[in-house]
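The following exercises concern the pockets of one protein model. Please examine the structure before reading each solution.

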Amino acid sequence: MRTLLAWLVLACLLPGIIGATTLFIHEYREGRSQLKKDTIQTVRALAQAVDNQILRVQALAVGLAASDALATGDFGRFHEQARRTLAHARLGASVSLADSQGRQIANTGENFGASLPFHGSPELVRRVFDTGEAAVSDVYQSRVLHRPLVAVAVPVMQDNGVRYALTVTILPETLDDILGAQGLPPGWVATVFDSAGTIAARSRASDEYVGQKPAPGYYRHLMEADEGTFEAVMKDRVPVLAAFTRSAVTHWRLAIGIPQESLASRFNRRLSVLAAGIAALFAVGLGLAWLVGGRIARSFSALVPPAMALGAGKRVAVPSQSVKEAAEVARAMEEAARLLEKRSATLRESEYRLAMALKAANTAAWEMDVATQALHPADDLLFTMLGYAPGELATAGDWLARVHGDDRAKVAQQIDEVIAGRRESYRSELRLLAADGSWRWILSQAVAPERDADGRALRLVGTHTDITERKEAEAEIRRLNTELEERVQQRTVQLKQSNEALMLSNMELQRFAHATAHDLQTPLRSIVGFSQLLRQELKPRLDERTDEWLELVIDNTRRLQTLIQELLDYSRLDAQARPFEPVDLGEILGQVAATLAPAIGDSGAEVEGGPLPTVMADRGQMVLLLQNLVENGIKYNRSRPPRVTVSAERQDGEWVIAVADNGIGIDPKYHERIFEIFRRLHSHQQIPGTGIGLAICQRIVERHGGRLWVESRPGEGSVFRFSLPVGDQAQ
Ligand code: ADP
């Protein structure tokens, strides 16, 4: 964090540093050119000062040239005058007077009258005589003072011509003083050069260099122009930046040399100030970055323990944060911890449920490391279900060794195939050796293994379920089934035998009943016939009681006949059954009404029929069915007139035929029982009957695949309903 911030500080400072450096270089260049300008100004001022000095000397010389002592040729007096003037003016070193040949007539450097050499600068003397004007010499060697000098010479005019040349010499030191008076910075060197470029004065080491030429490079630059700057090496081997100018009065040149070294040190000083400034800024920046970075780092470091706790699923205590972003991270961590807690709770819950479900299913989960074949159980149930100590069987090999010999090869092959990816999953019912030596049935299953990027199987996850009880139950069921089959076979044989016997006896019984009925009918018919004949024959002689007895005989015999007829009908229901055919129930009702015409006539009953369907049925039995129901409707009826209505409707794929009457009704508690044979709710005296009719009806309806039931209440009439299938009735 701190390193990053340090880089940040550097990055922030970098543009500043580049800017400052550019500015610095620009300013340095500006400063340098300004320095050159300033130095030229200074050198001009210096030239002015030197010129002034020369002019002052010239003025002194002009004054002396006008001396009357010269006009009169009194050179002794002139000598004296000149000495005094020099002493008084403190200008110039000596005054000399020379003729046109350069012979010196007087020289204040020597006593008057002493023999004098020729003038040291014959060229100066010649110029004065040639031009008749003042002239300034270059540096020359004085023959009187024996040292380098410069001199200003003026003409002494007599008779409109130049008579003498008056020379005032100047010691170069005088000029040195002028140069020194300028107060140049230390190290700077001001030099006066004569018109030939010879050093006339120098602000430093003047004695050494006056009268000499400067170094060649320097000299070349100096003489090149009237004014300017250049870089060169001075005579004393000091490289300098020089500024020079040429005097208009004396044509001398003045130069100021600034040592490059001092310039460099000036540059270095500024550079180091700049560098120090940048370093200071950087240091301050770094310091601040260190402090701020420390604060930020502390804030984030404080998040490390909560983050570790979060990862470990422990409770997260996030300290309060001063850095906003860290506080946001802290809040996010708290939220994450809360969500994690919620999810782990859900996960725990579902794990618990899964464990419970596995436990309830007596199932143990396992995981096998394919590389090492190590088997890791999800819990101890894997071992305990077989009575082993937890962890006792550690590898797939240990388990395989306990698989029943008959199952082992198949199991091993299946597992190999799943690992190799040749089959999707593995599921096998096998026998495993329990710790107590018994065999337990285990359902062993595994799904396709987890694989690495190259498709190599890493781990196989599966389950073991103890299915011993189921297997035992299955075996028991198989045993019972076999037993049952045997029993069924036995029973079937028995039943077949008894059925055959029954069929035989049924047929015999029917034959017997038929024969009996027939045999009974004949005598009964005789009894009725003869009783009626007897009654007719004896009518006039019969008393009332005997007549009643005879009638009772006839009545009871008829009743017996009806009973026998109905019993016969009942017993023949199966035997006389005919194949089903399309039967129009409306037509059947008409037939029934015709048969019942006497009863209808006696009671004044009304029999009505709605639209009735054609059904597949046994025609004769349909007649019997409707006749019984319609007759009962008329019979069990005290209403005047009795009304019986037959109607039909289609319900859920079948016909429901209703026979409704407005008769006496039936108590619901007898609704079931009236269909039993011989069951009557009235005595024969009240309403005659046999109790067989409804039993016949029920058997007919059942034979046709339908149902018969009644809806009725005492005094509210009855509705007898029966259903008949619609469609293929023939089966
Ligand atoms: P039976 O009419 O010969 O007595 P059934 O088997 O036809 O015999 O009827 C059995 C009994 O059901 C009758 O004794 C009678 O009490 C009752 N029953 C039958 N039909 C009706 C009806 N339509 N109304 C009232 N009671 C009836």
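**Exercise 1.** Determine how much space lies in the second largest pocket, and describe its lining.

*Solution.* About 290 Å³ of space lies in the second largest pocket. A pocket is an open set of points, on a 1 Å grid over the protein atoms alone, where a 1.4 Å probe fits, with protein on both sides within 12 Å along at least five of seven lines; lining residues have an atom within 4 Å of a point. The model is predicted: local features need pLDDT of at least 70 and side-chain atom pairs pLDDT 80 or more, while totals for chains, interfaces and linings use all residues. Residues are numbered from 1 along each chain, and side-chain values use heavy atoms, without hydrogens and water.

Next, consider the lining. The second largest pocket is lined by 20 residues, with Ala396, Trp399, Leu400, Val411 and Ile415 nearest its centre. Helix H13 (405-420) gives the largest share, five residues.

**Exercise 2.** Identify what occupies the largest pocket, and describe the surroundings.

*Solution.* First, the space taken by the ligand is the largest pocket, whose volume is about 1,200 Å³. Its lining comprises 44 residues, and H18 gives the most, eight residues.

Second, of the 20 residues around the ligand, Asn632, Tyr636, Arg680, Thr690 and Leu694 come nearest.

Third, a polar side-chain atom of Tyr636 lies 2.6 Å from a ligand oxygen atom. Polar backbone atoms also lie by ligand oxygen atoms: that of Leu681 at 3.3 Å and that of Gly693 at 3.4 Å. Taken alone the ligand exposes 530 Å², of which the protein buries 98%.

Methods:
A residue is near a molecule or strand if one of its heavy atoms lies within 4 Å of it. A polar contact is a pair of N or O atoms within 3.5 Å; within protein, one must be able to donate a hydrogen and the other to accept it, and residues adjacent in sequence count only if both atoms are side-chain atoms. Accessible areas come from the Shrake-Rupley method with a 1.4 Å probe; for residues, only the protein chains shown count as cover. A molecule sits in a cavity or pocket if more than half of its atoms lie within 2 Å of its grid points. Grid points are joined across faces, edges and corners, and a volume is the space filled by probe spheres set on the points. Helices (H or I, at least four residues) and strands (E, at least two) are DSSP runs, numbered from the N terminus.
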